[in-house]
Amino acid sequence: MRRLIFILPLALFGVIAAYFVAGLDPARDPSAVPSALIDRPAPAFALDPLDPAAPVLDNVAIAGQIALVNFFASWCLPCRVEHPLLQQLAQEQNLPIYGIVYKDEPAAIRRWLDDLGNPYAVVAVDPDSRTAIDFGVYGVPETYVIDREGRIRFRFAGPLDPMTIENILLPLLTTLRE
Amino acid sequence: MIVELGHYALVLALLVSLVQASVPLAGAARREPGWMAVAVPASLLLLALVTVAFLALMRAYIVSDFSVANVADNSHVSKPLLYKIAGVWGNHEGSLVLWVLMLAIFGAAVALFGRNLPATLKARVLAVQAMIAFGFLLFTLFASNPFARFDPAPVAGGDLNPLLQDPGLAFHPPLLYLGYVGFSMTFSFAVAALIEGRIDAAWARWVRPWTLAAWTALTAGIGLGSWWAYYELGWGGWWYWDPVENASFMPWLLGTALLHSALVAEKRDALKSWTVLLAILTFAMSLIGTFLVRSGILTSVHAFATDPTRGLFILLLLIIAIGGALALYAWRAPTLGAGGVFRPVSREGALLLNNLLLVTAAATVFLGTFYPLFLDALGLGTVSVGPPYYIATFVPLMLPLLLAMGVGPLLAWKRGDLAGALSRLVIAGVCALIAGIAVWWWKSDGPFMAGIGIALAVWIAGATLVEFFGRIGLGRIAPRDTLMRLVHLPRGTFGMTLAHLGMAIAIVGMTGSSAWKEEHIAILESGGSIAAGGYDYRLDAVTRIEGPNYWAYRAQISLLDGNEVVALMTPEKRFYRVQRMPTTEAAIRTTGLADHYAVLGDPDGEGGWTVRIYHEPLVPWIWGGLTIMVAGGLVSLTDRRLRVGAPAPMRRVAASEAG
Amino acid sequence: MKRILFLLLMLATTPALGVEPAEMLDDPVLETRAREIGRELRCLVCQNESIEDSNADFARDLRLVVRERLLAGDSDGQVFDYIAARYGDFVLLQPPVKPATWALWFAPAAILIVGGFIAFFYLRGRRTAPGPVPLSAAERDRLDALTGPAEKRDAQ
C-alpha cells in the first residue's frame, strides 16, 4: 500500500506525457475552432446579391438542394489559392456554390471575379458581417456544406485543399445525395 | 572565425558533459576517488567552454555579423547596443545557449564551493547536472544551432521585435532562466540523494541555498516580466493567466513550497522524501514550461516562433529526465529513512499546510493551462480557460494560505501552542478586521473581495511584525538587549520577515489594482480632457518625432488636479521602420499610491485623437512588494549558516533561539 | 515556414488597444457591462486575448454585437449564450460547467481533499511510530567515550 503512493507521481506523469505527445501531432491546430452549428439548421439570412438584377439570397433560395456556402474576400490570399478548386468543384460535382462577400467592396469583388472567374451560382454581400457572425465565421475563407433540409453538415475554415476535398468533402456529398 | 570557435566550443562542451555525466557516477558507485574527482575539473571546463560559445554568439550580435543566421533573423545594424546584446537571448536558439550557460554556472558553483559535501554525493550531483547539460547541448547542436551561417550574408538584419527592445524585457529572460536552471540544481541533489539511497543533514543543508537562489531569481524574473507587460502593452494589466505566464508561475509556486519544505527537512529532519519529490516536480515544471513555450501546443501571445519537431525533442528530454527521476523515486524513496515526529499543530504542521495549498494551487494552474489540450486530445471538443477560471479557483486556495502565513512563524517546532500564538496575534487580527471594514465602508460600491484582500494583507504584515518584535524582545526586555538581539539576528530571519512583509505589500497592490482600476476612453481634440480618479487629463498637442530606428506621434497631456497642472505626460505611438510594427509607449506617472496611465491611440482623421486613460490605484505597491520579497531572498542568501557545508560543532545559541 | 510563423508572431504581439470611442454605448452602466462581458469573450483570431483587449476586426465585430444585444435588453447570460451558440464554448474564457469540464472545475477541491487525507494519514502514522529506545548504561558509557562528556555534546 505504501509502495503504491510512491508510484503515483510516475503514473500521473506518464498520463500527462502521453497527452503532450498527442498534443504534438502535426495535424493538430491549437487555434482551430470547431463549428458550433454542425447538424443544426443554417441560420436565417437574407442578403443583397452582387448583381442588382438577381433575387435576394436567403434560406429559401438555397433550400431543397445540397449546397456549399463559401465566405470570401478579394483581399484574402488563401481565397485566391482555393479559387481554382472551387471552380473544379462547381463543374465536376454539379454543386451550387453560394459566395458571401466578407468585409469587402462590391467593385473590388467584381474585379476579382472578372480576373479569376466566377464559380458561384450567386454572389451576395454581407455588409455588416452579421450573417458571417450568425454562421460563426471568424476569418476567410470558410466553407459550409448545407444539406437538403437546410442543416449545416460540415464547416471548413481555411482554404480548401485537394486532400480535404478528396477525403472528407466528396464522401460527405455522396452520403448526402442518398 | 570566432563564430566557428564558438560552435566548436559547444561541441567540445557536449563531449565534456558526457564525460562528467558518466565517470563520476561510476566512480561513486565503485568508490573510486580518482573517478569521482573528475567531476570538479569537468564542470569548470564545461563552464569555460559554454562561456566561450556564449561570448562568441554575443560578439556576432554586437558587430552585427549577419552571415550568422541567428543574428540576421533577430538583429539589425541600427539597433541600440543594449538590445543587440539582449537579442542574443531574445530568440529560441540563443536562449538555449543561455540555458546551458546557467546550467554550467550552477554546476561549477557546486564544484567550487562544495568542499564540505561528501565526495560521493558531490560526484553524483555534478554527474546529474551534466546529464541535463548533455541533453540540452544535444538539442542545441542538432535542432537549434545558433551558429548556422547564411551564404551569402544579408546586408541588413531582420531586427528584434520592437516590443522586446526594452530594458525590462532585456533582463527578464536571464533572471527567469536563473530561476529555472537553479531548480535544476535542487533536482540534481534530489536525484543524487535517491541514487545514494539516503538523505542526511548535509543534503538538506545544501538544497536550501540553491532553492533560495532559484526562487529569488524566478521572483525577480516574473516580476520584471509582469512590470514590463504593465507599462508596455498599453492596457494597464499585469497578469493575464496566459499559458506562458503560467509556465513561469507553476515552478514559482512549487519552488515556494520547496523552500518551506526544505526548511523542515533541514531543521527537523522530516518531510525528506516529500522534499525530494517536490524538487523533482519543480524542475519538471521548469522543463514543461520550456516545452510549452517552444513547441506550439498551446496558443499564447508570448510563444517563440514554434516548431513541433523542436517540441518533440524537448518532450523527449522531459520524459527521460523526469520519467527517469520519478521512476528512481518510486524505487528508492521507500527506503529513505523516516524523520522527526511532529504534532499537526506545530511549525512543521503549518509548513505542511503551506505545501498542501501551494501544490494544489500549482496543480490548479496546470489543469487550467493544459485542459484545452487534454480535451482536444480526447476528441471531446475544446474549451478556453481564461482569467475567470483562475480567479474562481486560485484565489480561494490562497485565502487559507495567507491566513496560515501569519500564524505559522509563531508556532514552535515539533509541538506548537496555537492558543498562545493566536493570543499574541489578537492585535494583528483586530487591525486586519478594521482595515477590511474600512475598505468595505469607503469603497462600498467596489467588489467584495477587495476588503478581504486588504484585511489579509494587514493580517500578514501585522503577524510578521509581531513575530519579529517578539524575536528581538521589543518592549519585553531592555532596549540595549533588544538592539543586541537585532544585530545578532541571523540573516535568514531578516530575509523571512522581509519576504513575508513584501508579500503583504504586493497583495495590497494586487487587490487595489484589480478592484478599483478605472478605464476611460474618448476622442480628444486639442484642449479636450478626460476625468479619471479625481484628476483631469487634458490633451494639449500631438507632434511627430524621429527616433533611432522608429518614428512616432507624441502627445502632450497635462495632468490636472483641479486647475493646477501637476505633471506633463507624453505617451507615444511608435512605428518601427524595419519590422513595420506600431507600438504604444504609455505615459505613466507614479504617485506611490496610484499610477496615472495615459495611452495614445489612433487619429480620427479630423484632428481628434483617441486617448485612453487608466487610473491604477496601488499598482506601485505590487512592484514595491515584489522588490522587497527579492531583497528578502537576497538577504537570506547572505546568511553565514548557509555557507557551512555540514553541521559542525559550534556555538548555536542565537540559532537555537531563532530556529 | 519559419518566417511565416515569425511574421504571425509579430502580428500577434501588436499591442492590445481594444474598444474605440465610436463603439462605446452612451449609457455608462451598459458600457461597463459590455466591457466586463467582452473581457470574458475570446478573440478567435488572436493569440489568447479577449475581444476587449484586441484591435482585430473580428474583435470589433463581436464587441458591437455584445453592445447590440445589451441595448436589446439581453441579460449577461443571454449575451454569452448568443455568442456561444454561434462560436461554440471555445469563445468563452470562463469554461462552462458541463460534463466535459467537471474535471476542470472540481479537481482543485478534489486535489485539496485528497492531499489533506494523505497528510492526515501521514501525521497519524507518525504519531504512533515508536520513539527512540533509551540507552543502557553500557551504551551510554560507550557514547561518552566516543564523543566526549555529555555537557559539551549537549551544547550543540
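This dialogue discusses disulfides and buried residues in a predicted model.

Student: What conventions apply to this model?

Tutor: Residues are numbered from 1 along each chain as its sequence is written, and chains are lettered from A, with ligands numbered from 1, in the order in which they are written. Because the model is predicted, local features need pLDDT of at least 70, side-chain atom pairs count only at pLDDT 80 or more, and totals for chains, interfaces and linings use all residues, while side-chain values use heavy atoms, leaving out hydrogens and water.

Student: How many disulfides does the whole structure hold?

Tutor: A disulfide is a covalent bond between the sulfur atoms of two cysteines. Here the term requires a pair of cysteine sulfur atoms within 2.5 Å. The search finds 2 disulfides over all chains. One links C76(A) with C79(A), at a sulfur separation of 2.2 Å; the torsion about its S-S bond is about 90°, so this disulfide is right-handed. Another joins C43(C) to C46(C), S to S 2.0 Å, and is right-handed with 60° about the S-S bond.

Student: Are C43(C) and C46(C) buried or exposed?

Tutor: Buried means under 20% relative accessible area, exposed over 50%, and partly exposed in between (1.4 Å probe, protein chains only). Both C43(C) and C46(C) are buried. C76(A) counts as buried because its relative accessibility is 4%, and C79(A) because its value is 1%. C431(B), at 38%, is partly exposed.

Student: Where is S513(B) placed, and which residues does S513(B) touch?

Tutor: S513(B) lies in helix α19 of chain B, residues 491-516; helices are DSSP runs (H or I, at least four residues), numbered from the N terminus. Contact means heavy atoms within 4.5 Å. Not counting residues up to four places away in sequence, S513(B) touches W238(B), E616(B), P617(B), V619(B) and I622(B). With 4% relative accessibility, S513(B) is buried.

Methods. Helices (H or I, at least four residues) and strands (E, at least two) are DSSP runs, numbered from the N terminus.
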